[in-house]
Amino acid sequence: MQYKGFMGSVQFSDEDELFFGKIEGIHDLVTFEGSDVAGLKKAFQEAVEDYVHICRQNNKPVHKSYKGNFNVRISPELHKKAIQTAMAKRISLNQLVQQAIEHEVST
């Protein structure tokens, strides 16, 4: 689920008959819960509003910062094909991966 640029994960506890989740992409652990979808959405939005308010009060960044690099584990065969594709296109493997990610997230 999304609200004001924040994403929330959602799970269901069969034992408690309750939806629950947490705000993703932040430095802190902020959770929310609801007994139905409407309640869950409302709790998520309230959690986001409260979190943003607390961050602003404490002059703390709201979103997690990202370095722009990460490790990816793939099969050796896929790695080989990716390198061959990059070479054929006369670009680096990093450029190929960046283009693939940009394509996937451009929706």
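## Strand S5, helix H1 and the largest pocket

Strand S5 has two unlike faces, a covered one with Phe-32 and Gly-34 and an uncovered one with Thr-31 and Glu-33. In a regular strand the side chains alternate between the two faces of the sheet. This description, like everything that follows, rests on a predicted model.

S5 is paired with S4 in the antiparallel sense, over four bridges, and one of the pairs sets Lys-22 opposite Thr-31 in S5. The two strands form a hairpin with six residues between them, and in that turn Gly-25 has a positive phi of about 80°. S4 also runs antiparallel to S3, residues 11-13, to which three bridges join it; here Phe-12 has Phe-19 of S4 as its bridge partner. S3 and S4 likewise form a hairpin, with four residues between them, and Glu-17 in the turn has a positive phi of about 50°. A further antiparallel pairing, over two bridges, links S2 with S4, and in it Gly-8 has Ile-23 of S4 as its bridge partner.

The three pairings that involve S4 are set out below.

| Strand pair | Sense | Bridges |
|---|---|---|
| S2 and S4 | antiparallel | two |
| S3 and S4 | antiparallel | three |
| S4 and S5 | antiparallel | four |

Helix H1 comprises residues 37-57, and its length can be checked against its residue count: at 1.5 Å a residue, the 21 residues should span 30 Å, and the end C-alpha atoms are indeed 30 Å apart, which agrees. Which residues of H1 are buried? They are Leu-40, Ala-43, Phe-44, Ala-47, Val-48, Tyr-51, Val-52 and Cys-55. These residues cover an arc of only 165° around the axis, which puts them on the same side of H1. The general background to such a pattern is that an α-helix has 3.6 residues a turn, so residues three or four places apart point the same way. On the other side of H1, by contrast, Ala-38, Lys-42, Arg-56 and Gln-57 are exposed. What covers the buried residues of H1 includes strand S1 (2-3), strand S2 (6-8), strand S4 (18-24) and strand S5 (31-34), so that two of the strands named here, S4 and S5, are also partners in the hairpin described above.

Gly-39 belongs to helix H1 and, because its relative accessibility is 26%, counts as partly exposed. Leaving aside neighbours within four places in sequence, Gly-39 is in contact with Glu-33 and Gly-34, of which Glu-33 lies on the uncovered face of S5 and Gly-34 on the covered one. The C-alpha atom of Gly-39 is separated by 8.9 Å from that of Phe-19, although the two residues are 20 residues apart along the chain.

Two residues other than glycine that have a positive phi lie in loops. Lys-4, which is not a glycine, has a positive phi of about 50° and is placed in the loop between S1 and S2; at 58% relative accessibility, over the 50% cut-off, Lys-4 counts as exposed. Asn-59, also a residue other than glycine, has a positive phi near 50°. Asn-59 follows H1 and has its place in the loop between H1 and helix H2 (76-89), where, with a relative accessible area of 73%, Asn-59 is exposed.

The largest pocket has a volume of about 560 Å³. How many residues line the largest pocket, and which of them lie nearest its centre? The lining consists of 16 residues, of which Phe-70, Val-72, Leu-93, Val-97 and Ile-101 lie nearest the centre. Helix H2 and helix H3 (93-105) each supply at least two residues of this lining, and H3 gives the most, with seven residues.

How values were computed
Residues numbered from 1 in each chain as written. Predicted model: local features only at pLDDT ≥ 70, side-chain atom pairs only at ≥ 80, totals over all residues. Heavy atoms only, no water. Expected span 1.5 Å × (residues − 1). Buried < 20%, exposed > 50% of the residue type's maximum accessible area, 1.4 Å probe, protein only. Arc of directions from axis to C-beta. Contact = heavy atoms within 4.5 Å. Pairing = 2+ DSSP bridges. 1 Å grid on protein atoms, 1.4 Å probe; cavity = no way out; pocket = protein on both sides within 12 Å on 5 of 7 lines; lining within 4 Å. Points joined across faces, edges and corners; volume = space filled by probe spheres on them.
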